[in-house]
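User: I should like a close look at one part of this protein, namely its aromatic pairs. Please explain them step by step and set them in the context of the whole structure.

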Amino acid sequence: MIWKLLSVALIASATCAAASAQSGWPTKPIRIVVPFAPGSFTDTAARVVGSELSKQLKQPVVVENHGGAGSTIGTEIVAHAKPDGYTFLLTDNSFAVSAALYEKLPYKPFKDFAQVSLVAEAPAVLVARTNLPTKTLKATLDEARAHPDTLTFGSGGTGSSAHLAMELLLLQAHVKARHIPYKGVAASITDIVAQRIDIGIGSVGSTAQYIVNGRLMGLAVSGSKRHPMFPQVPTFAEAGFPNYQMMYRFGVMAPAKTPPAIIDRMQKEIAHALESPQVNKVFGAAGVQPTSSSSSNYAKQVRDESAMWKDVIHRANIKME
């Protein structure tokens with residue numbers, strides 16, 4: 001009986017200590033790992049949001065860049081980090097893409113992570129070279145359907161989000177086109193501007209300046225309404241593809257088993273940070289919308305998106321070497 005009472009007392013003591021530690025969180029610097037090199041919007045988002053979080057939480061928030069291997073290097077670091085609320089991941093669609101594309105990863109996407117909150121959303125933009133004979137999405141796809149594999153499109157590489165985004169559209173349109181992979185989406189956009197390839201899908205950040213100055217032709221933009229940076233470009237729905245739902249999403253994750261109380265607190269702090277004038281100024285300049293969410297809604301989005309990409313990969317017969 002005495003041993004049982006001691007056991008109960010020890011468990012209660014440990015539980016109280018854990019609760020006390022969580023209620024006092026944070027007591028030391030927090031790191032946000034970005035699985036890309038400096039300069040990406042993911043990196044920019046981590047730094048501007050991290051600056052606001054530092055003020056709110058009264059602790060330094062340090063951004064670490066660990067790029068490479070399609071974002072899996074930095075992602076693995078967070079997967080294996082101590083789940084104590086002091087290490088987070090800020091990533092984009094590549095998390096869901098990798099989960100769908102690779103059978104083996106150095107982490108388990110849906111077991112090693114807890115989603116915390118969305119941070120931002122941005123539409124996908126379909127652009128074309130300015131001397132393309134067809135000037136609308138419908139006309140371009142009709143021409144491609146009549147002449148299979150003559151239309152060329154670029155992306156940031158086989159299995160990249162830009163590649164899968166285009167394959168999703170081609171599947172919906174029942175069209176075949178020729179994929180030209182590059183080492184990054186910026187290089188593919190540059191070659192569309194140079195009239196070397198026909199079309200491609202990119203983010204607002206990678207395409208807006210070219211559309212605005214007339215060096216690229218915008219054919220369609222995802223989302224429920226036209227983008228204020230280029231209001232002349234129709235939405236995919238207006239262009240005849242209401243089911244095309246590709247969006248670029250950026251969000252924060254934590255190692256699995258991070259205490260729910262800390263995840264809940266971080267979610268609320270992120271939502272507050274996204275209301276700051278500085279975050280809205282930086283995000284607005286990039287054509288990106290600050291967007292927070294509950295951890296459960298973000299988790300559902302990641303799973304749904306990964307399932308969508310898995311279907312696209314299977315139907316388009318995309319294989320990684």
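Analyst: The answer begins with the whole protein, turns to the aromatic pairs, and ends with two further buried places.

The model is predicted. Its secondary structure comprises eleven helices and ten strands. The C-alpha trace spans about 85 × 40 × 30 Å along the principal axes. For 321 residues, a compact globule would have a radius of gyration near 20 Å, and the 22 Å of the protein agrees with this. Of these residues, 50% count as buried. Among contacts between residues at least 6 apart in sequence, 79% join residues at least 24 apart.

Six aromatic pairs are present in the structure. One of them joins Phe95 and Tyr107: the ring centres lie 6.5 Å apart and the planes meet at 15°, so the pair is stacked, the limit for that class being under 30 degrees. Phe95 belongs to helix α4 (residues 94-101), whereas Tyr107 sits in the loop between α4 and β4, so that the pair links parts of the chain twelve residues apart. Tyr107 is buried, because its relative accessible area is 5%, which falls under the 20% cut-off. Phe95 is likewise counted as buried, at 2% relative accessibility.

Phe95 also pairs with Phe113, and here the geometry is edge-to-face, because the planes stand at 85° with the ring centres 5.2 Å apart; the limit for this class is over 60 degrees. This pair links helix α4 to strand β4, where Phe113 lies, 18 residues from Phe95. Phe113 counts as buried too, with 6% relative accessibility. Phe95 thus takes part in a stacked pair with Tyr107 and in an edge-to-face pair with Phe113.

Elsewhere, Phe41, Phe250 and Phe283 form one aromatic cluster. A member of this cluster, Phe250, is touched by Thr91. Thr91 lies in strand β3 (residues 87-91) and is buried, with a relative accessible area of 0%. Leaving aside residues up to four places away in sequence, the contacts of Thr91 also include Pro35, Phe36, Thr42 and Arg249.

Strand β4, which holds Phe113, meets a further element. The buried residues of helix α7 pack against β4 (113-128), as well as against β5 (152-155), β7 (199-203) and α8 (204-212). In α7 (residues 185-193), the buried residues are Ser188, Ile189, Asp191, Ile192 and Val193. An α-helix has 3.6 residues a turn, so residues three or four places apart point the same way. After α7 comes Gln195, with a positive phi near 70°.

Technical notes: Residues are numbered from 1 along each chain as its sequence is written. This is a predicted model: local features need pLDDT of at least 70, side-chain atom pairs count only at pLDDT 80 or more; totals for chains, interfaces and linings use all residues. Side-chain values use heavy atoms; hydrogens and water are left out. Buried means under 20% relative accessible area, exposed over 50%, partly exposed in between (1.4 Å probe, protein chains only). Helices (H or I, at least four residues) and strands (E, at least two) are DSSP runs, numbered from the N terminus. Contact means heavy atoms within 4.5 Å. The radius of gyration is taken over C-alpha atoms; the globule rule is 2.2 Å times the number of residues to the power 0.38.
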